[in-house]
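Okay, thanks everyone, I'll keep this short. I'd like to talk about how two parts of one protein meet.

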Amino acid sequence: MDKDTLMDKITSLAKRRGFIYQGSEIYGGLAGTWDYGPLGVALKNNIKDSWRKTFVSSQLDMYEVDAAILMHPGVWKASGHVDTFTDPLVECTKCKRRFRQDILKIPGICDDCGSPVTEPRQFNMMFSTKIGAVEDSAATVYLRPETAQGMFVNFKNVVDSFHPKLPFGMAQIGKAFRNEITPRDFIFRVREFEQMEIEYFVRPELWQESFEKFRTTMLSWMGSMGIAMDRVHELEVAEGDLAHYSKRTIDFEFDFPFGRKELYGLAYRTDFDLTSHKLDCVDEETAQKIVPHVIEPSFGVDRTVLALLTSAYTEDTTEVDKEPRVYLKFAPSVAPVVCAVSPLLKNKKELTDKAEQLFAILKKEFGNVMYDDNGNIGKRYRRQDEIGTPYCIVVDFDTLGENPDLLGTVTVRDRDTGTQQRIAVSELVNFLKKSLI
Ligand code: GAP
């Protein structure tokens with residue numbers, strides 16, 4: 001399948017089935033913004049829960065914060081973003097469309113109409129707004145372009161409240177905003193997105209050890225989420241391409257349908273930020289003041305969603321003369337719906353009563369469970385396959401005791417293989433829990 005077709009299929013499935021909608025769609029859309037529907041929210045929550053579990057709550061030395069999106073302009077001056085967070089902007093001399101110079105298909109030529117473009121000028125990507133009622137320049141503030149600074153500015157607060165020993169880390173999940181010149185590729189490059197970031201504070205001489213540890217943990221977390229690891233590549237960023245704060249960066253790139261692009265980053269930020277904000281702490285071991293160095297694993301939630309959608313999208317064409325069976329082979333732990341419960345027939349009260357009862361139990365236990373009695377069983381399976389539900393549970397006459405040997409059992413159908421097995425209702429919660437690990 002060619003790359004445009006695959007992206008079209010994924011984008012249309014995401015919209016049709018309630019994962020992701022164009023932002024402000026009924027007003028013609030707002031470029032670079034996307035709204036997440038119920039299944040998209042569930043998928044993002046599973047990603048964030050898994051990240052938090054791996055990188056924060058299972059660790060003894062991590063402190064999570066939730067800082068304000070609007071931050072004092074001094075933060076962005078000190079961080080270097082006011083002066084250097086820019087992209088080279090060019091404008092077509094004919095159609096006046098604007099582009100990022102470095103991603104033009106043919107250097108110097110407009111992607112749209114083929115005319116020459118202007119010389120580049122540096123365009124700052126931070127969104128600014130005014131705070132308070134008085135319209136003057138002193139009241140200009142920025143929406144944060146990275147969550148990282150929310151952690152640096154709270155470094156002293158966390159040190160004073162918790163007295164952590166080095167090494168320790170701070171973590172944050174939250175929105176970030178960038179006025180991208182050319183938002184593109186669905187949710188890959190957008191103007192409002194979500195990040196999951198860690199700032200890990202270490203003694204300067206030990207930075208390599210922590211860098212390596214995070215490198216391997218990031219890779220194993222990606223694998224555990226169901227990201228296709230044969231499409232993940234590590235890129236050692238060349239010295240000339242490093243961000244202004246970094247001495248070493250590895251980009252974890254992913255083979256998206258539109259090409260190999262950055263999924264996550266792992267940076268050695270040295271003491272750049274703490275020094276810029278004039279921050280330090282006391283090293284308990286030496287009782288001396290120290291400016292710790294920083295290792296920063298940085299993850300985009302939206303790019304994770306896209307990597308998971310493209311890793312999971314599968315078309316099964318084994319049934320000849322039939323439309324291919326489309327399914328999202330999400331790992332059960334990230335699937336937005338854990339299982340769907342159905343009565344075999346929707347007009348048989350004894351079946352629907354039992355199915356509703358079972359649904360209530362599973363809903364209470366797992367939250368993201370669906371009740372589906374629309375159309376025939378085959379259609380229900382197809383609908384659940386398309387949203388990546390790992391198991392469809394059907395209450396049938398055997399559940400009620402038509403065959404005494406099968407009394408109290410249900411059919412559990414596996415999304416990937418299509419195989420069915422009978423499982424005792426009393427065992428269902430355990431069965432599903434095991435699959436979610
Ligand atoms: N604090 C470091 C930092 O922000 P970055 O490489 O600019 O580094 C980190 O961004 C991650 O945020 C990226 O690897 C990507 O996953 C995500 N990201 C960055 N810009 C994005 C955009 N315009 N749209 C969606 N995700 C983006």
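Before I get to the contacts, one term: when I say polar contact, I mean a pair of N or O atoms within 3.5 Å, where one must be able to donate a hydrogen and the other to accept it. And please keep in mind that this is a predicted model.

So, the layout. We've got domain 1, which covers 3-72 + 145-310, and domain 2, which covers 337-436. Their C-alpha centres sit 37 Å apart.

Now, where they touch: 7 residues of domain 1 are in contact with 6 residues of domain 2. The area buried between the two domains comes to about 530 Å², and carbon and sulfur atoms give 52% of that. On the domain 1 side, look at Leu13, Arg17 and Leu39: they supply 66% of the area that domain 1 buries against domain 2, more than any other three residues.

What about charges? Across this interface the rule finds 2 salt bridges. One pairs up the side chains of Glu386 and Arg17, at 3.1 Å, N to O. As for those polar contacts, the count between domain 1 and domain 2 is 3 residue pairs, both residues at pLDDT 80 or more.

And which helices are involved on the domain 1 side? Helix H1 (3-16) and helix H2 (38-57) each supply at least two residues of the side that touches domain 2. H2 gives the largest share, 3 residues. By type, that side of domain 1 divides into 4 nonpolar, 1 polar and 2 charged residues.

That's what I had, happy to take comments.

Key:
Residues numbered from 1 in each chain as written. Predicted model: local features only at pLDDT ≥ 70, side-chain atom pairs only at ≥ 80, totals over all residues. Heavy atoms only, no water. Domains from an automatic or database assignment. Contact = heavy atoms within 4.5 Å. Buried area = accessible area lost by both parts, 1.4 Å probe. Salt bridge = Lys/Arg side-chain N within 4 Å of Asp/Glu carboxyl O. Polar contact = N/O pair within 3.5 Å; in protein donor to acceptor, adjacent residues only side chain to side chain. Helix = DSSP H or I, 4+ residues; strand = E, 2+ residues; numbered from the N terminus. Nonpolar A, V, L, I, M, F, W, Y, C, P; charged D, E, K, R; others polar.
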